[in-house]
Structures are given as C-alpha cells and as structure tokens.
Amino acid sequence: MRDLPPAPMDLNLLPVLDALLSECSVTAAARRLNLSPSAMSRALTRLRTLTGDPLLVRAGRGLVLTPHGERLRAQVPGLARQIEGLLRPAPHTLDLARLDRAFTLRANDGFIDVFGGPLAAALALRAPQARVRFMLKADKEAHHLREGVADLEIGVMGRDAGPEVRVQALFRDRFVGVVRTGHPLLAGPVTPQRYVAFGHVVASRRGRAQGPVDAALASLGLQRNIQVMVPGFLAALGIARDSDLVALVPKSFLRGSTGVGAQAIAGVQTFALPVETPAITISQMWHPSQDADPAHRWLRALTREICHQEPLHD
C-alpha cells in the first residue's frame, strides 16, 4: 500500500508552537495568545502528533523542553517572523530614495537612442539606487514578460504578444523617408514614381522586406527596389547618409538623438512619403503579475512621462 501524502501544515500552529516553547507552560502560552488552557492543550497534542516528539514533558510541578523542543526553540521565532513577513499585505507605498532594483526594458534601437538617455537620467535623479538595462528586441513574443526576463516591452503590439499582456499606448508615430543631404530625389516633387526610381535600404529585425509602404505602392502598380536590408534603423540611417539609397524610419527616431544617432541625422534630410500609410501606435507592455507592484507602476508612469515630453507633430 502506498503511503498517503502528509496533511497540509496549519500555519496557525506556528505562533502556538513559539509560545509553548518560549513559556514552557500551557497556561502561560494560552494567556499570551488569548486562548483558553484547554484550547492550548489540544494544540499541543496536535503539535506532538505533527512533530513526532513530546516537545514538553513533566518535570516536578512544571514542564521542560525535550532535546528536540530545545532545537526548535532556537529556530521557530525567526521562522515565525519570516512567515509573518511573507503573508503581510503587499506594500502600497514606495520609497524611491531606497528603491534598490534593476529594471529591464526590451525595445528597438530607435526607442533606446531617443528615449534611453532621458529615461536613464530621470531614473538616476529620482531613484538613485535603481538601475535600468535595455535589451534589443528581436521578436514580439510574450515569453520575455511572462518569464520575468523583461519588466517592460516597448513597441507595436503584435499578434504574438499573448492575450494576458497588459498594454498602454505611449504615443503615435509614423514613417518618413530619409535621404542624404543633397540627394537628387529632393530636387523635385517626391512622387511615387520618383520614389521607386532609387534603390532602398530597409530596416527589419525579422528580415521582412515588405511593409505598409509596399502595399500602398503595389496598389499603384509600383515596387521598391530594395538593395540593402539591415537589422536596425540606426544602420539604415548611416547607409542612407553615405549613399544614394532611400531609407524609411519612424519619425520619433529623428528627434532628440544623441551620439551616433545625432551624427547620422546631421547628414540626412527627411521627406513625407508619397503614399498614405497607417499611423503606428507605440505602446508599453507588461505581464499582469506586475500590475500591483508599486515599483513597476512607477516605472510605467515614468516611461509614459518621458515619452510625452516631446510629442510628435505631424
């Protein structure tokens, strides 16, 4: 016959055990916990059954601890405090000055180049012990959020995000064309026909060359000549700056860039696309397990605040 699994532990017995081991008296332990002596006596019987040890034995007119009871007396008070802390209601206040936590954000290079600096500066100013790690996103799958690899994911919500993922819109974006300064495309009106007459560089994490621009051009019987494909917008900008290829980047990527991004922008010009394309909603996404966490709520609010500091203008 297979052994039956042990009965689940009654955590209410832990403070009872602590009182009995500390007081070495059923009456005193009962008084300490505002219980009747008979209730405390029944609890002691249960504890003896659970531990397989008498715990307290008669010695003259009082009780003394058994060797196992002595060992437990050294461990139970700390264990009781740990469990009390674990089962205490979650805190709803946040001390930013003492917030010692590392946050991980998954985003594309465009978002990191534009918003990474302001976000890091605000984090250092308001929560100096907190840290942020930016992770480039190669896909839109939700397992990074579900498994706790990332705290936030920034970008366009895809079908792979997962039905449980929470989403909050940050801003609306749109694509613009980019060419080097003095490019012949800008010598006249940018028509669909002149737009496709030049070679193009496309940024795609997944290696997909086609997008909404191509669908709009196809409706006119036109097609881009895509000569170069790169994994990020920064690389596309650099190639457009140093060649006659035409790049396509989000408008948000061209504001507030610093470092390498600023150098790339300094040598290019932008233009409105000659075909209509839908606007893009950039959102922040997180797993519902983080909903009530005060530090995570603050991070979401800070990210939204940073994104709203420089709104896009059409």
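Q: What makes strand E7 (residues 175-180) and strand E10 (residues 246-250) count as a pair?
A: E7 and E10 are joined by four bridges and run in the antiparallel sense; two strands pair if DSSP finds at least two bridges between them, so four bridges satisfy the criterion. Gly177 stands opposite Leu248 in E10. This is a predicted model, in which local features need pLDDT of at least 70 and side-chain atom pairs count only at pLDDT 80 or more, while totals for chains, interfaces and linings use all residues. Residues are numbered from 1 along each chain as its sequence is written, and side-chain values use heavy atoms, with hydrogens and water left out.

Q: Which pairing sense links E7 to strand E11 (residues 268-271), and over how many bridges?
A: E7 and E11 pair in the antiparallel sense, again over four bridges, and Val178 stands opposite Thr270 in E11. The strands named here (E, at least two residues), like the helices (H or I, at least four), are DSSP runs numbered from the N terminus.

Q: Why are strand E9 (225-230) and E11 placed at the edges of their sheet?
A: The sheet is open and holds five strands in the order E9-E8-E10-E7-E11, with mixed pairing. E9 and E11 each have a single partner strand, so one side of each lacks a neighbour in the sheet. The twist from one strand to the next averages 35°, where angles run from 0 to 180 degrees between N-to-C directions and axes are lines fitted to C-alpha atoms, for helices over the stretch in contact.

Q: What tells you that the pairing in this sheet is mixed?
A: Strand E8 (residues 199-203) and E10 run parallel, joined by two bridges, whereas E7 and E10 pair in the antiparallel sense; both senses therefore occur, which agrees with the description as mixed. In the parallel pair, His200 stands opposite Val246 in E10.

Q: How do you know which are the edge strands in the sheet with the order E4-E3-E5-E12-E6?
A: This is an open sheet of five strands with mixed pairing, and strand E4 (131-136) and strand E6 (166-173) are its edge strands, each pairing on one side only. The twist here averages 20° from one strand to the next. E6 and strand E12 (residues 280-286) pair in the antiparallel sense over seven bridges, with Ser283 in E12 as the bridge partner of Ala169.

Q: Which helix packs on the sheet with its direction at about 175° to that of E4?
A: Helix H5 (residues 109-126) does so, touching strand E3 (102-107), E4, strand E5 (152-155) and E6. Helix H11 (residues 294-308) also packs on the sheet, touching E3, E5, E6 and E12, and its direction makes about 10° with that of E6.

Q: Why is H1 called roughly perpendicular to H3?
A: Helix H1 (residues 13-23) and helix H3 (residues 37-51) pack at an angle of about 100°, with their axes 10 Å apart. Angles of 65 to 115 degrees count as roughly perpendicular, under 35 as roughly parallel, over 145 as roughly antiparallel and the rest as oblique, so H1 is roughly perpendicular to H3.

Q: What makes Thr66 count as buried?
A: Thr66 has 8% relative accessibility, and buried means under 20% relative accessible area, exposed over 50% and partly exposed in between (1.4 Å probe, protein chains only); Thr66 therefore counts as buried. Thr66 lies in the loop between strand E2 (62-65) and helix H4 (67-87).

Q: What makes the approach of the Thr66 and Asp53 side chains a polar contact?
A: The two side chains are joined at 2.6 Å, and a polar contact is a pair of N or O atoms within 3.5 Å, where within protein one must be able to donate a hydrogen and the other to accept it, and residues adjacent in sequence count only if both atoms are side-chain atoms; the value of 2.6 Å therefore falls within the limit.

Q: Why do Ala266 and Pro128 count as exposed?
A: Ala266, found in helix H10 (residues 260-266), has 65% relative accessibility and so counts as exposed. Pro128, in the loop between H5 and E4, has 53% and therefore counts as exposed too.

Methods: Contact means heavy atoms within 4.5 Å.
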